[in-house]
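Here are my notes on this one, written as numbered points. Have the viewer open while you go through them.

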Amino acid sequence: MNSKWIHAKRILKKSLTYFFLCIATIFFLGPYYIMITISFKSPQEIALNPSWSLPESFSLQNYMEVFSDPSVNFILCFWNTLVIASLSMIGNVFSSSLAAYAFARLEFRGKNKLFLILLSTMMIPSIVLSLPSFVLFKHLGWINTFYPLIVPQMCGSAFSIFLLRQFFRNIPKEYEEAAMIDGANFVNIFIKIILPTSKPALVTVALLTIVATWKDFFNPLIYLNDPNKQTLEIALRTYQYFHYEQWNLLMAGAVIVMLPLIVFFIFAQNYFLKGLSITNHK
Amino acid sequence: MNKLFYKTCLLSIFFFLICSIPFSKTTLRLALWDGSQGLQIIMECVKEFEKQNPDIEVKIEKPGYSVYYQKLLMQCAAGVEPDVVVLGLKQYRQFVSKNVLAPLNKFIHKDQENDLNDYYPGVIEQFSYNQNIYVMPRDITSFGVVYYNKDLFKKANIPIPHKTWSWDYKIRPDLKEKDFLWVLDNLTKFNQKGEVIQWSLAPWQYHFLADALALSAGGDYADNYRNPTKVTFNHPDIIKPYQFVSDLCHKKKYIPCNQTVSNIAQTTRRELWLNQKVALYMSGNWDIPVIRKRLNKNSKDWFEWDVINFPSYKDGGNRIPADACGYAMMKSSQHPQEAWRLINFLSGKFTMKKTTAAGLTQPANRKLALEYWIPKKDFPKEEQYPQNRICTDDLILNGFFEPRSEYWPRMSTFLTEELPLLWNNQASANNVLNIANTNAQKYLDRINNPASNSVLFNWNIALSITAILIMILAVWVLWPKKNTLPSKNNKLAYILLSPWLIGIICLTLGPVIISLILSGTEWDMILPAKWLGLQNYVEAFTQDDLFFNALMVSTLYTIVSVPIGVFISLLIALLLNIPVKGTKLFRLFFYLPCMASSVATSLIWRKMFQVQGGLINLFIYGKTGNENPLGLRGIVELFLGTSETIDWLGTKNTALGTLTFISFWSLGVCIIIFLARLQSLPKSRMEAAIIEGAGKWKRFYSITLPHLSPTIWFCLITGVIASFQVFTKAYVLTEGGPGHATEFYVLHLYKEAFISLRMGYACALAWILFGIIFLLTYIQIKKNRWINAEMEMK
């Protein structure tokens, strides 16, 4: 009787968990349902059928049209976006983790004041900075190059430093102290202890940087002029005019733009778990 | 950094060498706003131009219409503008007054081929200022092109309208098809239940219909369009036609209202017409290519159609608004001769013939228009429709062009911002136009009474002040504290911080301090700035009502969305932390929203919240609108006190709440951060607690929650900071409307910077916002002991 009761309770708990997860899923995936179904519909269907209806046929017509559009080269845009996003990601993770370590562990002059400055930089609306930065990059001769998109990321971002600092602070100090007694220097400690233990945070920062640069619209818009240097997000706007939007092509394009990110997320998620399991085994 | 620097140096030297070789190609940069179809044709023409002019290479830039002017303004501000740009009638004056356009007179007069008398009368004059022509007109369109469905006229047994038809506020049955309202009345069909099954008229935008009515009946928006001093948005001659359009829509049901449009045709009013739900569609020439493509004789959707001019007022007044655009040359162009050749080619016969054949443009050159635009017998079959294109010629000859004051673009946004409330039947025209009038008049008064002490702003001084301030900041940071031991890790710490420090000094602090200095100026980004002192700040707090409104909107949004958002993401993270199968998949699902392109998702949310046919109202009101499938209807009725289906984004009371709801969709980052933190909770601690006999809630309160507290704090702080900066969502979804209900702080700032072109004022607004957020964050850090313990801020 007792064991049955426990068994039933466990099943109840599991089904309740699934129930709530499914409700949340409906909320989070609802818009995607619309996005994907529209990407298979023809303009007539979009006009006449309700937005929740299934497409009449799952033909790849819209996707083909997006890829064969002579005014945008999606493959080239994909390559450009990939270059910008991956360089930004590497640079950001590297610089941010160094700075975060200094803030989390080291005692140095002006630490709290610098940290206050770090926090403050997050609070300024980026729109007002766009014009002075634009003029600055013009004087560096970087207009119409990828540098204005990558170099600022390479200096680390306040959000990443802040996030990593919160993680680093939580690593037990005893590890480092033990290593220090064994004669390890900073480089050893950083590479052998800090980085492996904070893999989840590092992957999170990497993911956030990639997603942010991938989705960035404003910066590529103002800095890149050449059609051959455009990013995916800019290419997508080809289907949005001032009189109307080409819903079917826009949604097909949006799915194409998003797919690489999903693949990256699935890949990163595995890493993420591995990183987490290390922290748990202590 | 160093390497990059050398590379750039080498590259630029290399570039110089290439440029200095004689006989090399001249490169011209051409900026276009056209959409894909027009763009393709122009790109072909540019290729042809390069073939004819082997010494010139043309690089096309195509930022897209929605952001075209913003990019161009920034390029002008930095001095990197293209050689040749497309400009419209509305905006070209702004660029003329900024002194960045080159007058084209000397080129035009040299060119024998180009006879200005061939152009539509008034077009050249519209594009010139102080006797200088700045834009070579390309195409032209009237907003009063009425597309009609001949089959529906036949069905209703009424004759097809004649170009001499007219309109009045009252129906005139004796005039029959010569009376606009009579035609509308006869074409509107109801079913037995009294629901409309066929409307008579759909304008491209309600605003354009009201505009055409107001102007043709003799109404005017200002006392003088070139140098306005008094705005007359609330003149009875304007109020009456605007209310009239709203009545035609909501009382007479001739015009499908916004809610119906989203119900029947999911995209535009043009779709309604294409699907024979509406008999007349009022728009411009630009719809012709799409309509041609959709209505070919082989398709099942085919019906007989044509175009006719919009009726004139009963007294014959027919000032129907029209617009034109053309190519302009930038003053900074290094190759004016070549640039002119390009302009001449693109506004000339070859290109015009091609774009006209596609149905894209009515040439501004009347000779070309009569030759290529007005259908002839020898035109290919697919170019025959619409046959009555001659009406567009009349429309332009009598057309009313957009007022030319450089301040007009901003003034008209004061009007368009308020109008949605009128079209959604939530306010009267009187109400809406009076508010618009007050706002526009205030803006105009400030323009006409400029600051008296106009000391020019010196950039060199500003730069030196910036450098000094950064140095002061550095000294402040490094100033040794009393009574503390010298820190031992100084050198290592600063080495580690160096990449970030370089970035923050050059790329953040520099621009930030410059924006602080600019906040004391009046600056339109291109002309020299004028020093004002603290006047911008005084203005924000004493004169700008929209500033307080925007502050309220952002504060309300933050207070509601951030705590609830953090709570929800904590709940979801706790759910995901329960070891069941498939959590990995769920995790992906919840993170997906953060990865989708923002434009696409914003558009989808608009669809989700459509009145009818949207997913949200499907859940609440069911398929027919009268059901209650999930039992949510009662709750909605209780809170909003109405049993009608709700236009979530279009109603003043619900718009901000709807945006808050949408903000929960992108909680993925917060969820992931919470989850990572939860999973780093050592199992041993939990196990120890279980052995000690602590209950579930006790374990949660004494172990999980304290473990999570820094993360909760992190999410709250970053959430507050981010939600005060919300911009894109409101910009794409509601444009700040209805009636400023969702005009977030940064959206207001954006409008001031890039539409009013008041960069100095925008900088002041940014610094006020910064002050507020900084204060909030600082209080949170200093006052909250719980947080303080975690942060260990001394």
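1. Where in chain B does B:Pro386 lie? Look in the loop between helix H16 (366-373) and H17 of chain B. The peptide bond joining B:Tyr385 and B:Pro386 is cis, with omega at about -10 degrees. Bear in mind, here and below, that this is a predicted model.

2. Now for the helix that follows that loop. H17 of chain B covers residues 390-397, and the domain assignment gives the segment 390-397 to domain 1 of chain B. H17(B) lies across strand E7 (145-149) and E12 of chain B. Its direction is at about 20 degrees to E12(B).

3. A word on confidence. The average pLDDT of chain B is 84, and 92% of its residues score at least 70. The stretch to treat with care is 788-794 of chain B, where pLDDT is below 50. Leaving out near neighbours in sequence, that stretch has 9 contacts in the model. For the complex, the predictor gives an ipTM of 0.85 and a pTM of 0.85.

4. On to the domains of chain B. Domain 1 is assembled from 24-141, 324-382 and 390-397, while domain 2 takes 145-319 plus 407-433. Domain 3 is the single segment 455-518, and domain 4 combines 552-611 with 647-742. If you want a distance to check in the viewer, the C-alpha centres of domain 2 and domain 3 of chain B are 59 Å apart.

5. The contact between the chains. It draws on 101 residues of chain A and 116 residues of chain B. How do the residues divide on the side of chain A that touches chain B? There are 67 nonpolar, 22 polar and 12 charged residues on that side.

6. Next, the sheet that H17(B) lies across part of. E7(B) and E12(B), the strands under that helix, belong to an open sheet of 5 strands with the order E9-E10-E11-E7-E12 in chain B and mixed pairing. Its edge strands are E9 (189-190) and E12 (305-309) of chain B, each of which pairs on one side only. Further in, E10 (residues 196-203) and E11 (residues 278-283) of chain B are joined by 4 bridges and run parallel. To find the register, put B:Ala202 opposite B:Tyr281 in E11(B).

7. There is also an open sheet of 3 strands in chain B, ordered E17-E19-E18, and here the pairing is antiparallel. Why is one side of E17(B) and of E18(B) left without a neighbour in the sheet? Strands E17 (455-456) and E18 (521-522) of chain B stand at the edges and have a single partner strand each, so one side of each has no neighbour there. E17(B) pairs with E19 (residues 530-531) of chain B over 2 bridges, with B:Leu456 opposite B:Lys530.

8. B:Leu30 is a handy marker for strand E1 of chain B. E1 (residues 26-31) and E2 (residues 56-61) of chain B run parallel and are joined by 6 bridges; B:Leu30 has B:Ile60 as its bridge partner in E2(B). E1(B) also pairs in the parallel sense with E3 (residues 84-88) of chain B, over 2 bridges. There, B:Leu30 stands opposite B:Val84.

9. Is B:Leu248 buried or exposed? It has 23 C-beta neighbours inside 10 Å and therefore counts as buried. B:Leu248 lies in helix H10 (residues 236-250) of chain B. Residues up to four places away in sequence aside, B:Leu248 touches B:Tyr254 and B:Ile255. The C-alpha atoms of B:Leu248 and B:Leu181 are separated by 9.5 Å, with the two positions 67 residues apart along the chain.

10. Finally, two backbone angles to look at. A:Asn144 is not a glycine, yet its phi is positive, near 65 degrees. A:Asn144 is in the loop between helix H6 (126-139) and helix H7 (147-154) of chain A, and counts as partly exposed because it has 16 C-beta neighbours inside 10 Å. B:Gln131, not a glycine either, has a positive phi of about 70 degrees. B:Gln131 is in the loop between strand E4 (128-129) and strand E5 (132-133) of chain B, and is exposed, with 7 other C-beta atoms within 10 Å.

Key:
Residues numbered from 1 in each chain as written. Chains lettered and ligands numbered in written order. Predicted model: local features only at pLDDT ≥ 70, side-chain atom pairs only at ≥ 80, totals over all residues. Domains from an automatic or database assignment. Pairing = 2+ DSSP bridges. Contact = placed C-beta atoms within 7 Å. Axes fitted to C-alpha atoms, helices over the stretch in contact; angles between N-to-C directions. Nonpolar A, V, L, I, M, F, W, Y, C, P; charged D, E, K, R; others polar. pLDDT = per-residue confidence, 0-100. Buried ≥ 20, exposed ≤ 12 C-beta atoms within 10 Å, placed from the backbone.
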